Amino acid sequence: MSTNSSSIQELALSSESSRVAAALSDGTVWLWDNRNELIDSFDGFKGSGKWYQLQFSPTGTRLAYSSANGIIQLRDGINGRFIADMQCGSRQDLEFSGDGSRIASLSRACGLTLWNSESGALIGAVTDIGDIRLDLGALAISANGSLLATANRDKVTLWSGNDDSLAQIKVLNNLDLPGSMTFSLDNILAIATEFDIKLYNVKTHSFISTLPFGGDPAALAFSPDYTHVAVGTYDGGVYLWDIRAIDASGPPANEEVTAVCALALSRDCSRLACGFENGTVELWDTSPTKRPISSHQVHETWAEALGFGPDGGLFASGSDDGTVKLWNGEDGSLRGTLTAPSGLRAVALSNTVLVAVGDGDVTLWSLDTQSLIHTFKQPGDIVSIAENSTLIVVAVVGEDDSEDSEDSDESEEDGGDSKDDVLGQSSVSLLDVVNHTTIATFNVPQDLDTMSFLPDNSQIVAQTRGGVFLSLNLINKDVIEAPTLEHLIQLPDTPLWNGVPIWHCRDKEQHYFSALFPQHQSPVPVLWIPRDLPVTAWTQGSSMIALGCGDGRVMLLRIPISHVG
């Protein structure tokens, strides 16, 4: 294809690539077929700055482009035949309906106009539409052209294009800077605002879901099968949501969100337990359908402690309200309620014993009878129990001396690192479940995040809040700082990505995942989590990673696993 010496201002491609149109700086528009043969060229193209319009209808049968004095020129998209001049006003937004039968235009000069694309005749016009936002995609038209939406600073207005006229049908108020919008085939309107994506059912006149995110939306689209919605941001980010589980005919979505404060995966990663700040405990099936199994608002305060047993048949939730709830790991039904230590911090389960730690006690129960076994009089923030139920390891995190603690507080006041990011100190105790004694203690010069026994109970593998691994040798009482590949691949909650162990790390506010490759002595970052995701909880299993957010979202990352030979 070739043109004259003028530069190309805009290009457009028709459906199935049967036609190509180019608008040139000399004011001409050229039309070719897919055999590189020129069909025709026309005069009259004119635009201002970024306000150039050149687009085919979705069916490829119509071509519209900007002309002088706010006119949009409409032509046959196949042979270039002139059809009509449509007065839409300068600096306009222009959209074809999905079936190509109608054209909507939005401008400050002419307001909202709706046109018949077959003849170019005006169907209806509304001149007073408020303070529109032309630079942010403030116009949307439904698949058959019967519905339109316009956005201004704090609201979206819905319009009916039936009966050869335009009529206002609904105003959606109190929206935060609505911008890009799009309709699904069944007339669900997606609206990108400053903080989230809202889905609105035009038929029921109700919001059915809110998809929070922290970007600056630039473009919004449904997938062709309308099972997903995507938004692109001005900083280059792309967000994708699976919306198949949203009930479009259901009641309006609850706009109140509560933060995720705890997550736990079953060992086979088939179940995910979620704890929320409002005391709700949820159980989810993590198969591709991501089916919710149960939801119970049972705790009076944060459900901040969660843990599954090794076989996944039971899980426990704990809260500072003084209770530990025991749940069926298959259907999420309640199995029992136990009195918890004050200031409960964490729970852990073997196949026969449940342990909970808090401000002053480490408490053990029998899972068979739900009866008390023993209480150790010592505090704990993190706990793990050996699979054979003979040993428990408890850590108290943040055991700095008084001088270091004062320095840390001053650092926070001065805008320095938070106490989550300084090295800190942890006091670790190894407890004998059978004899009810303390076997050993370790002083670790870092804040710990997780602890796990190796299968032979010879060592404890601990991970710091920054993602560094430590090995606590239970035989010679040594503490070794180094992630050992041999140790990591033995842990049941470490995903092996093509045989390579990966795990969660955090550097101040940046969450990411590292991997330990055989050819590297040090871990290598392999996945960075966007900083604008308000991550508040995380967990990982043998084939999956889960992230919980302050806005109530939970994200699952499924890992392609393989076994090390």
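So, the surface first: W497, V526 and L527 make a nonpolar patch there, and together they show about 210 Å² of accessible area. Keep in mind that this is a predicted model. Where does W497 sit? Its place is in strand β44, which covers residues 496-497. And is W497 buried or exposed? Neither, really: W497 is partly exposed, because its relative accessible area is 32%, and the buried class stops under 20% while the exposed class starts over 50%.

Okay, from the surface to the inside. In general, for soluble globular proteins, nonpolar side chains tend to be buried together. Here, the largest nonpolar core has 29 residues. Which residues have the most contacts inside that core? Those are V156 and L189. As for who contributes, the elements giving two or more residues to this core are β10 (102-107), β11 (111-116), β12 (122-126), β13 (139-141), β14 (147-151), β15 (156-160), β17 (181-183) and β18 (188-192). Among them, β14 gives the most, with 4 residues.

Next up, strand β25, residues 271-276, and I'd like to spend a minute on this one. Why call β25 largely enclosed by the rest of the structure? Because 6 of the 6 residues in the strand are buried. You can split them by direction: R271, A273 and G275 point one way from β25, L272, C274 and F276 point the other way, and all are buried.

Now look at what β25 pairs with. On the one hand there's β24, residues 260-265, which pairs with β25 in the antiparallel sense over 5 bridges. On the other there's β26, residues 280-285, also antiparallel to β25 and joined to it by 5 bridges. C274 is a handy landmark here: L263 stands opposite C274 in the β24 pairing, and E282 is the bridge partner of C274 in β26.

Both pairings are hairpins, so to speak, and each has a residue with positive phi. The β24 and β25 hairpin has 5 residues between its strands, and C269 in that turn has a positive phi of about 65°. In the hairpin of β25 and β26 there are 3 residues between the strands, and G279 takes a positive phi near 90°.

Right, two sheets to go. A quick reminder: strands of a sheet pair through backbone hydrogen bonds, either parallel or antiparallel.

Let's take the one with β32 in it. Its 4 strands form an open sheet, ordered β32-β33-β34-β35, with antiparallel pairing. Which strands are at the edges? They are β32 (346-349) and β35 (372-376), each pairing on one side only. From one strand to the next, the twist averages 15°. Within this sheet, β34 (residues 362-366) pairs with β35 over 4 bridges, in the antiparallel sense. If you want a spot to click on, T363 has T375 in β35 as its bridge partner.

And then the sheet with β36. Again it's an open sheet of 4 strands with antiparallel pairing, in the order β36-β37-β38-β39. At the edges sit β36 (382-385) and β39 (437-444), and each of those pairs on one side only. The twist in this sheet averages 15° from one strand to the next. How many bridges join β38 to β39? There are 7, with β38 covering residues 426-432 and the two strands running antiparallel. One of the pairs to look up there is D432, whose bridge partner in β39 is T437.

That's my tour, thanks.

Note on methods
Residues numbered from 1 in each chain as written. Predicted model: local features only at pLDDT ≥ 70, side-chain atom pairs only at ≥ 80, totals over all residues. Heavy atoms only, no water. Pairing = 2+ DSSP bridges. Axes fitted to C-alpha atoms, helices over the stretch in contact; angles between N-to-C directions. Patch = residues over 30% accessible without salt bridge, like charges linked within 9 Å, V, L, I, M, F, W, Y side chains within 5 Å. Areas by Shrake-Rupley, 256 points an atom, 1.4 Å probe, with all protein chains shown as cover. Salt bridge = Lys/Arg side-chain N within 4 Å of Asp/Glu carboxyl O. Buried < 20%, exposed > 50% of the residue type's maximum accessible area, 1.4 Å probe, protein only. Core = buried A, V, L, I, M, F, W, Y, C linked by side-chain atoms within 4.5 Å.
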